[in-house]
Amino acid sequence: MTSLDGAPPLLDETPAVEDEAPGAITGRRRVPEDEPFFAGHFPAMPVVPGVFMVEALAECARRSLAPGATLASAPLVRFRRRVSPGETLEFRVTPATPEGDRRRFDAVASVEGQAAVQAILEFRVEAGTSER
């Protein structure tokens, strides 16, 4: 699996569907200290850019969608805590009720149980394709 721009995935572990919450998908990523984006974000106090965390949440959600599903919007994104080098992010996305060609997910990225990002992600699924 690749990210939207064809880059390698942002997740260390392949997302898995959880049994306890029907349809919930989880993933993880340890943030190495040598990530290239830390050089400019921010040199005195390195922090993981929010866009990377949101994209990793989207990667998790895409596991349950048909190929070609595209992230259409993120109508709600809240950043709750900064994520520093060496920390491990845990991702969890839970599908909401589908609406036409849209699939919505409640998404949370956390570190040691503390929410770092909370979001609602909405994907557009092409007509005539089936979900995984």
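Which residues have the most contacts inside the largest nonpolar core? In this predicted model, where residues are numbered from 1 along each chain as its sequence is written, local features need pLDDT of at least 70 and side-chain atom pairs count only at pLDDT 80 or more, while totals for chains, interfaces and linings use all residues. Side-chain values use heavy atoms, with hydrogens and water left out.

The largest nonpolar core (a set of buried Ala, Val, Leu, Ile, Met, Phe, Trp, Tyr and Cys residues joined through side-chain atoms within 4.5 Å) has 31 residues, and those with the most contacts inside it are Leu57, Val83, Leu89, Phe91, Val93 and Leu121. At least two residues of this core are supplied by each of α1 (50-62), β4, β5 and β6, helices (H or I, at least four residues) and strands (E, at least two) being DSSP runs numbered from the N terminus. The largest share, seven residues, comes from α1. When residues up to four places away in sequence are not counted, Val83 touches Val31, Pro46, Val47, Val48, Met53, Leu89, Val111 and Ala116, contact being taken as heavy atoms within 4.5 Å.

Strand pairing (at least two bridges found by DSSP between two strands) connects β4 with β5 and β5 with β6. Strand β4 (residues 88-95) runs antiparallel to β5 and is joined to it by six bridges, with Val93 standing opposite Ala107 in β5. The two strands form a hairpin with six residues between them, and Gly100 in the turn has a positive phi of about 60 degrees. Strands β5 and β6 pair in the antiparallel sense over 10 bridges, and Asp106 stands opposite Ile120 in β6. The hairpin of β5 and β6 has two residues between the strands, and Glu112 in its turn has a positive phi of about 50 degrees.

A search of the whole structure finds three aromatic pairs, for which rings of Phe, Tyr and Trp (its six-membered ring) must have centres within 6.5 Å, planes under 30 degrees apart counting as stacked, over 60 as edge-to-face and the rest as tilted. Phe105 and Phe123 form an edge-to-face pair, 5.7 Å centre to centre with 85 degrees between the planes. Because Phe105 lies in strand β5 (residues 102-111) and Phe123 in strand β6 (residues 114-124), this pair ties together parts that are 18 residues apart in sequence. Phe105 is buried, with a relative accessible area of 2%, and Phe123 is buried at 0%, where buried means under 20% relative accessible area, exposed over 50% and partly exposed in between (1.4 Å probe, protein chains only). Elsewhere, ring pairs link Phe37, Phe38 and Phe52 into a cluster.
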